[in-house]
Amino acid sequence: MKPAPAQNRSGAVHRRREVCVTEKLLKKHGASFRQVMYATRDGRRTVLHLENGQTVETFLPIKRILAEAPAGLFACVNKGVILSLGHIASTEGNEYVMTDGSRFRCRARQKALTPAAVGRAHAGRWEDWEKYAVLDEFPLAFCVIELVFDGAGHGIDFIFRYCNKEMEALEGKRIGEMIDRSFYEVFENGDKKWLVAYADVALNGVKRTIESYSPEIDADLKIYCYQPKPNFCACTLVRLQNAE
């Protein structure tokens, strides 16, 4: 029989805080979630690779570790592989290059777009624009971005296909400066960490909630993402207010 929940004098039930097993394991090794660069499966074990070069082995499944980690810190890019967004140095084709030089291939196999196809995409207004026009006056920043590969298969990038007026206010860029332009063209020093999370949504159809600092606008953001159609990621962005 399960023990009855503890009660205080007023009869209210105290729920026991669920133990974060991964956090306890990392603390045992003097580490935290943010010091994990990536985690991989090795047979029946999961290996956590830390930024100091050490590894921590556990029988916990990848799915459990991802569920216990802070929202938006990791992305699952292949079966049995999760990467820390903050430890991705660059992307090359459909590979992610980590700060320690390790490379991981994205699980989704997508054919690279030719330069001509990219040119056609820029030639006119996105065909689905009118579907989102109802969100023009939406009180939260909202955008739809498309995942593309260049003709040589180098460097995944995103193109803004729709932005509402609040997106313009949040990013400090006019809508005309963003639409049909690459994310890294609009934000030349944009952080590569956004690629992994958005690619996971656009390619694999998962829903994600990301909480992270955006150096592009010097603000903490909470971003709700979903896939409106294959190769696209729709995002609602909320600026988080820092506690005084």
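Buried means under 20% relative accessible area. The model used here is predicted.

**Exercise 1.** Decide whether T236 is buried or exposed, and place T236 in the fold.

*Solution.*
- Start with the element: T236 belongs to strand 15, residues 232–239.
- Take the relative accessible area of T236, which is 16%.
- That value is under 20%, so T236 is buried.
- Now look for partners beyond four places in sequence: T236 contacts F138, L140, A141, F142, K222, I223 and Y224.

**Exercise 2.** Classify the ring pair of Y132 and Y162, and say which elements the pair ties together.

*Solution.*
- A pair of aromatic rings is described by centre distance and plane angle.
- There are six aromatic pairs in the structure.
- In the pair of Y132 and Y162, the ring centres are 5.8 Å apart and the planes stand at 35 degrees.
- Planes under 30 degrees apart count as stacked and over 60 as edge-to-face; at 35 degrees the pair is therefore tilted.
- Y132 sits in helix 4 (residues 129–132) and Y162 in strand 12 (residues 156–163), so the pair joins parts 30 residues apart in sequence.
- Y132 and Y162 are both buried.
- Y132 and Y162 also form one aromatic cluster with F142.

**Exercise 3.** Do the same for F160 and F183.

*Solution.*
- The centres of F160 and F183 are 6.0 Å apart, with 35 degrees between the planes, and the pair is tilted.
- F160 is in strand 12 and F183 in helix 7 (residues 183–186), so this pair links parts 23 residues apart in sequence.
- F160 has 2% relative accessibility, so F160 is buried.
- F183 has 12%, so F183 is buried.

Notes:
Residues are numbered from 1 along each chain as its sequence is written. This is a predicted model: local features need pLDDT of at least 70, side-chain atom pairs count only at pLDDT 80 or more; totals for chains, interfaces and linings use all residues. Side-chain values use heavy atoms; hydrogens and water are left out. Helices (H or I, at least four residues) and strands (E, at least two) are DSSP runs, numbered from the N terminus. Buried means under 20% relative accessible area, exposed over 50%, partly exposed in between (1.4 Å probe, protein chains only). Contact means heavy atoms within 4.5 Å. Rings of Phe, Tyr and Trp (its six-membered ring) pair if their centres lie within 6.5 Å; planes under 30 degrees apart count as stacked, over 60 as edge-to-face and the rest as tilted.
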